[in-house]
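Have your viewer ready and a selection box open. This tour goes stop by stop, with something to pick at each one.

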Amino acid sequence: MPALRVHKLRKAYQDVVAVDGLDLEVQSGECFGLLGPNGAGKTTTIEICEGLTARDSGEVEVLGMRWDSHATQLRQRLGIQLQETQLSDKLTVAETVRLFRSFYRQGPAPEKVIALVQLEEKRNARVGGLSGGQKQRLALACALVGDPELLFLDEPTTGLDPQARRQLWELIEQFKRDGRSILLTTHYMEEAERLCDRVAIMDHGKVIASGTPRELIASIGAEHMVEFSSAPSLDTTALRRLEEVREVRMENGAVQLQVTALHSAVPALIAELARQGVPLTELRTHSASLEDVFVSLTGRHLRDE
Amino acid sequence: MNEPANPYHPLVELTLMRFREFWREPEALFWTFAFPILMAVALGIAFRNRPPEILKIGAAAPQLAQALARERQLDVQQFSAAAGAEALRTGKIALLVLPGSGGAVVYRYDDTNPDGRTARMLAHAAIEGAAGQTDPLPARDEYMREAGSRYIDFLIPGLLGLTLMSNAVWLTAFAIVDARRKKLMKRLVATPMPRRYYLASFLVARLFLLVFEVGVLLAFGAIVFGVPVRSSLLDIAALCILGSFAFSALALLLASRARTIEAVSGLMNLVQVPMWIFSGVFFSAQRFPNVLQPFIQALPLTAIIDALRASMLQGASLKAVAPQAGILGVWLVVCFATALRLFRWR
């Protein structure tokens with residue numbers, strides 16, 4: 001039985017269609033990522049799955065149950081972390097975790113959860129005095145107090161500094177090892193590549209690609225990206241004819257090539273530019289990422305808009 | 001790793017959250033406890049019962065001044081006729097006594113001013129006494145200044161009602177809108193928390209805080225001003241609980257949909273300001289025209305204040321204040337039922 005099954009899900013707000021015929025399946029024990037830019041419909045989708053927002057049409061099955069008939073049982077078995085919840089500033093960490101623990105029939109002791117998210121030293125500190133990363137770990141603790149089978153994490157690392165983000169990633173990896181199923185949304189491709197077994201890339205309320213991060217990157221047919229700046233007189237059609245080049249894109253005077261073999265593509269590129277007599281500056285290369293998949297599918301960057 | 005069962009009760013933890021949010025906010029403590037007392041002190045001083053006033057009068061002849069000095073309730077000063085007229089005109093004295101023709105005495109005063117009329121009677125008695133007149137009947141004065149009929153006695157039940165309303169409305173409505181604004185409410189609704197416990201926690205917290213709110217103000221009134229409590233404390237407690245619950249239900253209704261503090265503040269003022277004015281906190285609601293009375297009597301603040309005054313000052317039984325209790329009960333039920341229907345849980 002899949003942990004989550006979504007079929008032809010649709011949700012519109014006034015005249016904006018937020019989710020437009022979405023299909024998803026999260027396998028038990030898997031970490032599944034919903035990747036997409038702001039406004040793609042990720043939060044609406046996850047909140048419908050959490051039973052917080054009503055759907056217009058389509059089917060949602062969570063742990064084999066439906067919200068219409070089994071809401072109370074479902075709530076006991078899910079762990080939820082919402083985007084931008086502010087827990088009460090006046091309570092301490094321990095008091096907050098105990099409050100959430102009191103809602104669940106069973107689960108670990110508050111102290112154990114606090115230790116799990118590494119907030120023991122802050123257990124008697126007021127929530128208002130915690131750093132962004134500590135608050136986010138407390139939010140995870142509140143999601144874990146019911147010993148959930150399925151965790152919903154909505155942009156768990158947005159707004160955190162790199163160190164706090166890595167600390168949170170380690171925690172989420174720990175949950176995966178515990179065998180929990182996870183659905184997370186993010187607009188950080190590194191996060192999806194590192195944490196998720198499978199991802200679905202969302203844009204305008206639809207899934208435009210899904211699979212393992214490796215499959216998706218392979219799907220654009222190129223392994224490396226080459227970027228450089230040049231003169232306006234550059235003839236890009238000649239670049240397209242190079243054997244290793246899959247695609248050429250121009251953006252604000254920068255040129256981006258998707259290439260298969262970096263070791264032969266770069267010398268061929270340099271030779272071609274020398275033949276045309278145009279300058280070459282700011283040459284950069286990197287391995288293809290989910291960001292490049294998104295750009296190649298939509299022509300836009302994930303964090304634009 | 002799991003505990004066998006849930007060792008914590010949601011209602012207990014939610015109520016503790018209410019307390020903690022309250023105790024750890026020094027401003028809230030001030031407005032809840034210190035403010036009503038400061039108000040009672042200020043108004044108690046402003047409207048305290050003064051000792052019988054000594055009236056200032058003027059005399060335009062030394063013999064008159066001497067005769068008038070016999071009366072201890074008069075403060076006599078001697079003036080020339082012109083200076084005395086000026087003092088009377090500017091209100092420095094309430095009465096000017098002048099020698100008239102043929103040994104008569106002239107009293108000059110403003111007969112629309114009660115002080116002037118009182119001074120005239122006192123002065124005339126003193127001058128007759130000095131002239132050898134004796135009272136045809138022997139008389140003796142007995143003074144009565146009873147607790148229960150002073151302004152402070154009227155004020156304390158009014159402030160008690162006002163405190164019940166302010167605290168219930170502000171603390172409840174603010175906490176709800178704040179939780180909604182911060183998406184804390186949405187997060188709580190995402191757990192298996194029974195929603196009735198969330199609402200009940202406000203009432204339970206209210207019950208405990210009431211003991212302090214009411215206790216502090218009653219004790220202050222009794223100790224500092226000797227304000228009487230002529231019914232049983234149990235009756236007062238019952239009325240306060242009913243009143244506070246009615247106002248809490250009103251707060252739930254006001255906060256049932258608001259998403260911002262500004263929106264709910266506007267609603268709270270809209271509802272509370274008419275009651276501050278009409279419900280007889282500082283002066284009797286009976287002073288408003290008869291045509292307004294049915295509206296004024298239907299207000300929950302009028303009901304609780306009238307009930308508390310009757311109970312505290314006249315020792316009225318709960319049965320005697322049943323009409324007011326009924327009004328509060330209707331407010332409680334109607335507001336609570338409507339709030340439940342409208343309440344936005346996210």
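Start by selecting chain A: 42% of its 305 residues are buried. Keep in mind that this is a predicted model. The C-alpha trace of chain A spans about 75 × 45 × 35 Å along its principal axes, and the chain holds eleven helices and 14 strands. Take the contacts in chain A between residues at least 6 apart in sequence: 70% of them join residues at least 24 apart.

**Stop 1: the domains of chain A**

Colour residues 4-214 of chain A as domain 1 and residues 221-287 as domain 2. Drop a marker on the C-alpha centre of each of these two domains of chain A, and the markers will be 40 Å apart.

**Stop 2: a hairpin and its sheet**

Next, select residues 4-13 of chain A, which are strand β1, together with residues 16-26, which are strand β2. The two strands run antiparallel and are joined by eight bridges. Zoom in on the end where A:Y13 has A:V16 as its bridge partner in β2(A). β1(A) and β2(A) make a hairpin with two residues between them. If you check backbone torsions there, look at A:Q14 in the turn, where phi is positive at about 45°.

Now widen the selection to the sheet that these strands belong to. Which strands make it up, and in what order? The order is β2-β1-β4 of chain A, an open sheet of three strands with antiparallel pairing. β2 and β4 (57-62) of chain A are the edge strands, each pairing on one side only. From one strand to the next, the twist averages 20°.

On the β4 side, five bridges join β1(A) to β4(A), and these strands run antiparallel. One pair to label is A:R5 with its bridge partner in β4(A), A:E61. Then add residues 42-49 of chain A: this is helix α1, which packs on the sheet and touches β1, β2 and β4 of chain A. The direction of helix α1 makes about 120° with that of β1(A).

**Stop 3: where the chains meet**

Bring chain B into view and select the contacts between the chains. You should find 29 residues of chain A in contact with 24 residues of chain B. On the chain A side, the elements that give two or more residues are α2 (67-77), α3 (93-101) and β6 (107-108). Of these, α3(A) supplies the largest share, five residues. Colour this side of chain A by residue type and you will see eleven nonpolar, eight polar and ten charged residues.

**Stop 4: the domains of chain B**

Select domain 1 of chain B in two pieces, 10-47 and 148-342, and then domain 2 as residues 55-130. The C-alpha centres of these two domains of chain B lie 53 Å apart.

**Stop 5: a second sheet, in chain B**

Show strands β2, β3, β4 and β5 of chain B. They form an open sheet in the order β3-β2-β4-β5, with mixed pairing. At the edges are β3 (74-78) and β5 (105-108) of chain B, each of which pairs on one side only. Neighbouring strands in this sheet are turned by 25° against each other on average, direction ignored.

For a parallel pair, pick β2 (residues 55-59) and β4 (residues 95-99) of chain B, which pair over three bridges. Label B:A59 and its bridge partner in β4(B), B:V97.

Lying across β2, β4 and β5 of chain B is α4(B), which runs at about 160° to β4(B). On helix α4 (residues 81-89) of chain B, select B:A82. Is B:A82 buried or exposed? It counts as exposed because 9 other C-beta atoms lie within 10 Å, and 12 or fewer is the cut-off for that label. For a sense of scale, draw a distance from B:A82 to B:W276: their C-alpha atoms are separated by 50 Å, and the residues are 194 apart along the chain.

**Stop 6: the nonpolar cores**

To finish, select the largest nonpolar core, which has 149 residues. A:A141, A:L183, B:A249 and B:L250 touch the most other members. Helix α6 (residues 151-181) of chain B gives the largest share of this core, 17 residues. Centre on B:L250 and, leaving out residues up to four places away in sequence, you will find that B:L250 touches B:V169, B:V271, B:P300, B:W331 and B:C335.

A second, separate core has 21 residues, among them B:L55, B:A67, B:L74 and B:I127.

Terms used: Residues are numbered from 1 along each chain as its sequence is written. Chains are lettered from A and ligands numbered from 1 in the order in which they are written. This is a predicted model: local features need pLDDT of at least 70, side-chain atom pairs count only at pLDDT 80 or more; totals for chains, interfaces and linings use all residues. A nonpolar core is a set of buried Ala, Val, Leu, Ile, Met, Phe, Trp, Tyr and Cys residues joined through C-beta atoms within 7 Å. A residue is buried if 20 or more other C-beta atoms lie within 10 Å of its own, exposed if 12 or fewer, and partly exposed in between; C-beta atoms are placed from the backbone. Helices (H or I, at least four residues) and strands (E, at least two) are DSSP runs, numbered from the N terminus. Two residues are in contact if their C-beta atoms, placed from the backbone, lie within 7 Å. Domain bounds come from an automatic or database domain assignment. Ala, Val, Leu, Ile, Met, Phe, Trp, Tyr, Cys and Pro count as nonpolar, Asp, Glu, Lys and Arg as charged, and the others, Gly among them, as polar. Two strands pair if DSSP finds at least two bridges between them. Axes are lines fitted to C-alpha atoms, for helices over the stretch in contact, and angles run from 0 to 180 degrees between N-to-C directions.
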